[in-house]
Number of protein chains: 2
Amino acid sequence: MIEKQRVAQGDATLYDVARLAGVSAMTVSRVINGTKRVNDDTRERVATAAAQLKYEVNVAARAARVGSLRIGLLYSNPSAAFLSAFLVGAMDQCSSSGARLILEKCEGQRGWRDAIDNLVAGGVNGILLTPPLCDSLPVLKLLAELDIPAVAVATARPSKSTSAVRIDDYEGALSMVRHLISLGHRDIAFIKGDPKHTPAQLRYRAFLDAMEEAGLEVPPARVAEGMFTYRSGLPAARRLLEQSERPSAIFACNDDMAAAVVAVAHGMRLEVPRDLAVCGFDDTPLATTVWPNLTTVHQPIGEMGQVAVELISEQIRCQRKRLPSVVEHRLLPYNVVPRLSSTRDWKASA
Amino acid sequence: MIEKQRVAQGDATLYDVARLAGVSAMTVSRVINGTKRVNDDTRERVATAAAQLKYEVNVAARAARVGSLRIGLLYSNPSAAFLSAFLVGAMDQCSSSGARLILEKCEGQRGWRDAIDNLVAGGVNGILLTPPLCDSLPVLKLLAELDIPAVAVATARPSKSTSAVRIDDYEGALSMVRHLISLGHRDIAFIKGDPKHTPAQLRYRAFLDAMEEAGLEVPPARVAEGMFTYRSGLPAARRLLEQSERPSAIFACNDDMAAAVVAVAHGMRLEVPRDLAVCGFDDTPLATTVWPNLTTVHQPIGEMGQVAVELISEQIRCQRKRLPSVVEHRLLPYNVVPRLSSTRDWKASA
DNA sequence: CTGAAAGCGCTTACAG
DNA sequence: CTGAAAGCGCTTACAG
């Protein structure tokens, strides 16, 4: 009973593994890190020994020797939903690699300068950029000048010189429209997002292309302007719904505006999805908070956090060894999540 | 230019400080940790030297020696808003103390057993419990049996045997009602939360007490049942608003239901706050997503994360030294955040 | 109250 | 391909 916890696991050290495998600690280290060449035979023996002892590297000890990676995470738009999902993934990766994640929020339009100063003063070796900072040219420029590696997260405009991890906004929106069409919708309206944001542009482009692909018209009256906020979705929805002939579905450029559409429809005594299908983009908690829940496009945000940490770590390692840094763009799979707000046979599922 | 980053800071080691202060490394260590007795004079010299060199402890090295703390964070209700704010605070504290935070989500009703097993297998030394897990007797019992320290976060029913960090739900709700009354409201309705949740009970109790304190009546028709979800807030709001004489304000037990009230009011052509004041509790992102933004009670969630890590670390240290563990309950300040949804002179601020 | 020695678990050169 | 030695920066006993 006593010492139960300590015995649980993680007892074995590199030396225990070395002894059991009949090799030197050095060799075990090499196998663990999989970096230098090791005889296949030896590798096998070490691996078996490690597995048998349930060996786990002591990341703290490794960090003490190597100098642990300090990864800065810069965020501005306090989208709690995005941040928490991202943090879960990023922390997970940091935890297992012994890196430290330093959060820095940048406030206001010009706040990014101070924020980056803070991170640099804190000694970070690389910085993760979340939207919309990841698309800011001045930010990327400053980081390049400081020679600090960066990874752009969920950017829609990946730069040639910066690593990035994202989904394909264009394809995501395309799939969503196809989904609506497959449900039998022919008259689909769209609410645009902030025209300055690249994802908004891509999603709109995809909407038009998907409609054209299906041979469907998009009269100007079927497109409304929005700014990504719930509030901006209110008048946009009114404009689309107060026409003599209503569209059968509205695709809003994000969940906030889709939620606003639902609210307006409700106020007009329209039942969603019976009288109107509604869908959004992002799969924020709002999508499952409002009623009916929103059909939307889901991004694997947690996985993006993991990958972002991997990418930045790799870049930092390259920099330390004075190797040329490798810019890598990773595209992760999105998926359309059908929920009640666009359900065809809604009585059945209600 | 070269090596710019490395020079930035964090260069100085314990030995540099020792040399400059003319003492041994040991003494510096003692001063840094502030634990054992050190001559005031010596302490001063060391502190000055440390400041001059901008010395920072290398947490990795310390962890290598001491064995770093592994802190498990158990969460179930995926309230992204709460989680992200909490993580920011908790990570911050972990970062500066060199602890590792291990996240574990528990799915389903019985998932907590597996989740705790996972954490224990992962070798955590203590566990942070977020709501609603923090109020689960079986969970607390299992942890006690395993002899793993725990800290309950945002619990409304702090246990005598478990450390906790929280705000005073009762006082928070009391303040909110007083706020509404100070705005001139006399006929205030309430939407209850899930009756199984202790915070819901406390907030309702506070509502009744505050009304009584002001000599105001609360007829049964002014109280509606809710379950904390947006969806449950819809019929509750309808019930309260479809009476011949409407209340002038509705206080919902959380933000989700308050948002539902706004939606229903809007559907009935009632303007918030002109025709009806609405307020919630928690200050989730939803409060600033919907329009008008919701007046609500804010919890310092980030700070709760910091404090939770402090409390659990202290407990783990006690356990390691086989000292009796100190149960500590920390009450943090909440505050009422007035926003447009309850603004008296709403034209002025719109 | 203060210090000299040894070691946390791992990795970086340097040899073979 | 493999190993012996030294050291990362700090702290734990053990002395004085």
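**Two protein chains and two DNA strands: a quick briefing**

Chain A is built from 15 helices and 12 strands. Keep in mind that this is a predicted model. Chain B superposes on chain A with an RMSD of 0.1 Å, and residues of both chains are found around DNA strand C and around DNA strand D.

**Chain A on its own**

- Chain A splits into domain 1 (4-57), domain 2 (67-167 + 301-333) and domain 3 (169-298).
- Between domain 1 of chain A and domain 2 of chain A, the C-alpha centres are 32 Å apart.
- Measure out the C-alpha trace of chain A along its principal axes and you get about 80 × 50 × 40 Å.
- Of the 350 residues in chain A, 49% are buried.
- Take the contacts in chain A with a separation of 6 or more: 69% of them join residues 24 or more positions apart.

**How the two copies relate**

- To put chain B onto chain A, you need a rotation of 180° with 0.0 Å of shift along the axis. The two copies are therefore related as by a two-fold rotation axis.
- The copies meet through the same surface, because 100% of the interface residues of chain B are also interface residues in chain A.

**Where chain B touches chain A**

- The contact involves 37 residues of chain B and 37 residues of chain A.
- On the chain B side, the elements that each supply at least two residues include helix H6 (80-97), strand S2 (100-105) and helix H7 (111-121). Further along chain B, helix H11 (230-241), helix H12 (255-267) and helix H13 (285-289) also do so.
- H6(B) gives the most to this side, with 10 residues.
- By class, the side of chain B that touches chain A has 24 nonpolar, 9 polar and 4 charged residues.

**Around DNA strand C**

- DNA strand C has 25 residues around it, and the closest are A:Leu14, A:Ser29, B:Arg37, B:Asn39 and B:Thr42.
- H3 and H5 of chain A, along with H3 and H5 of chain B, give two or more residues each to the surface near DNA strand C.
- That surface near DNA strand C sorts into 12 nonpolar, 8 polar and 5 charged residues.

**Around DNA strand D**

- Here, too, 25 residues surround the strand, and the closest to DNA strand D are A:Arg37, A:Asn39, A:Thr42, B:Leu14 and B:Ser29.
- Helix H3 (25-33) and helix H5 (59-66), from chain A and from chain B, each supply at least two residues of the surface near DNA strand D.
- For the surface near DNA strand D, the classes come to 12 nonpolar, 8 polar and 5 charged residues.

Conventions:
Residues are numbered from 1 along each chain as its sequence is written. Chains are lettered from A and ligands numbered from 1 in the order in which they are written. This is a predicted model: local features need pLDDT of at least 70, side-chain atom pairs count only at pLDDT 80 or more; totals for chains, interfaces and linings use all residues. A residue is near a molecule or strand if its C-beta atom, placed from the backbone, lies within 6 Å of it. Helices (H or I, at least four residues) and strands (E, at least two) are DSSP runs, numbered from the N terminus. Ala, Val, Leu, Ile, Met, Phe, Trp, Tyr, Cys and Pro count as nonpolar, Asp, Glu, Lys and Arg as charged, and the others, Gly among them, as polar. Domain bounds come from an automatic or database domain assignment. Copies are superposed by least squares on the C-alpha atoms of residues with pLDDT of at least 70 in both. Two residues are in contact if their C-beta atoms, placed from the backbone, lie within 7 Å. A residue is buried if 20 or more other C-beta atoms lie within 10 Å of its own, exposed if 12 or fewer, and partly exposed in between; C-beta atoms are placed from the backbone.
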